[in-house]
Amino acid sequence: ALQKPHKINLSENYLLFYRQTFGFPAVILRYSAAYGPGQVTGAMAAYIRDLKSGRQSELYGFKTRDYVYVDDILLANLKALNVSDRFQDPIFNIGTSIETSLKDLYKRIAEILDRPNHPILKADRPGEQKRYALDPAKAKKFLKWQPRVSLEAGLKRTISPS
């Protein structure tokens, strides 16, 4: 399910307070699961590391994530620099709106690396979010931003950076 902006967190409250009270320019970008070359933490990085070294990874339960490539995030940040100080609601979701299961992500990485796709399936770990995808419609409308790099292209760039 696509998520719309929800309850503002404490740091966002501070930014919006300073923006309203002192005219401090502030725009809030909420990123989905960011990825790209040089990434060392997270499930994607572990899958790449394991598969490159000939090991199979553990996958915990059925989860989905909305992966957005680092170049698309950079572009969103650049476009956010042009948001007017008078813009009433400067909070934008930066994602693709596409849910990809960890199992499918693993399969794609294994195919790119030409490795066997036999992850070790484990039960869900308590407390982990099962699924998410962000709705970037507001960013598309007001920032004129949308993701340009497909997951397939982004994975190839992440696994074998030029």
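**Exercise 1. Determine what joins the side chains of R108 and D104, and state how these residues are placed in helix α4.**

Solution. In this predicted model, R108 and D104 form a salt bridge between their side chains, with an N to O distance of 3.0 Å. The next step is to locate the pair: both residues belong to helix α4, which covers residues 102-113, and because they stand 4 residues apart, about one helical turn separates them. A general property of helices applies here: an α-helix has 3.6 residues a turn, so residues three or four places apart point the same way. Finally, the exposure of each partner is considered. R108 has a relative accessibility of 24% and counts as partly exposed; D104, at 25%, also counts as partly exposed.

**Exercise 2. Classify L105 as buried or exposed, and list the residues that it touches beyond four places in sequence.**

Solution. L105 is located in helix α4. Its relative accessibility is 0%; buried means under 20%, so L105 counts as buried. The contacts come next. Leaving aside residues up to four places away in sequence, L105 touches M44, Y47, Y67, T100, L151 and L155. As a separate distance check, V70 lies 35 residues from L105 in sequence, and the two C-alpha atoms are 17 Å apart in space.

**Exercise 3. Describe the surroundings of K63: its place in the chain, its burial, its polar contacts and its neighbours.**

Solution. Begin with the position. K63 sits in the loop between strand β4 (58-60) and strand β5 (64-65). Its relative accessible area is 3%, and therefore K63 is classed as buried.

The polar contacts of the side chain follow. One of 3.0 Å links K63 with the side chain of D124, and another of 3.0 Å links K63 with the side chain of E128. With residues up to four places away in sequence left out, K63 touches T100, S101, L102, D124, R125, E128, Q129 and K130. D124 and E128 thus appear both in this set of neighbours and as polar partners of K63.

**Exercise 4. Identify the salt bridges of E128 with K63 and R125, and explain which parts of the chain the pair of E128 and K63 ties together.**

Solution. A general principle underlies this exercise: side chains of opposite charge can pair when their charged atoms come close.

First, E128 and K63 form a salt bridge in which the closest N and O atoms are 3.0 Å apart. E128 belongs to the loop between β9 (120-122) and β10 (133-134), whereas K63 belongs to the loop between β4 and β5, so this pair ties together parts that are 65 residues apart in sequence. The accessibility of the partners can then be set side by side: E128 is partly exposed, at a relative accessible area of 31%, while K63, at 3%, counts as buried.

Second, R125 also forms a salt bridge with E128, and here the closest N and O atoms are 3.3 Å apart. R125 counts as partly exposed, its relative accessibility being 41%.

Third, the pairs are assembled. K63, D124, R125, E128 and K130 are linked in a network of salt bridges. The count of salt bridges comes to 11.

**Exercise 5. Check the span of helix α1 against its number of residues, and name the residues of the nonpolar surface patch that includes L15.**

Solution. Helix α1 comprises the 13 residues 10-22. At 1.5 Å a residue, the expected span is 18 Å; the end C-alpha atoms are 18 Å apart, and therefore the two values agree. The residue following α1 is G23, whose phi is positive, near 75°.

The patch is treated next. L10, Y14, L15, F17, Y18, F22 and F24 make a nonpolar surface patch of about 770 Å². L15 lies in helix α1, and its relative accessible area of 32% makes it partly exposed.

**Exercise 6. Locate D114 and K144, each of which has a positive phi although it is not a glycine, and classify their exposure.**

Solution. For D114, phi is about 55°. This residue lies in the loop between α4 and β9 and, at 70% relative accessibility, counts as exposed.

For K144, phi is about 60°. K144 is placed in the loop between α5 (137-143) and α6 (151-159). With a relative accessible area of 59%, K144 is exposed.

Technical notes
Residues numbered from 1 in each chain as written. Predicted model: local features only at pLDDT ≥ 70, side-chain atom pairs only at ≥ 80, totals over all residues. Heavy atoms only, no water. Helix = DSSP H or I, 4+ residues; strand = E, 2+ residues; numbered from the N terminus. Expected span 1.5 Å × (residues − 1). Buried < 20%, exposed > 50% of the residue type's maximum accessible area, 1.4 Å probe, protein only. Polar contact = N/O pair within 3.5 Å; in protein donor to acceptor, adjacent residues only side chain to side chain. Contact = heavy atoms within 4.5 Å. Patch = residues over 30% accessible without salt bridge, like charges linked within 9 Å, V, L, I, M, F, W, Y side chains within 5 Å. Areas by Shrake-Rupley, 256 points an atom, 1.4 Å probe, with all protein chains shown as cover. Salt bridge = Lys/Arg side-chain N within 4 Å of Asp/Glu carboxyl O.
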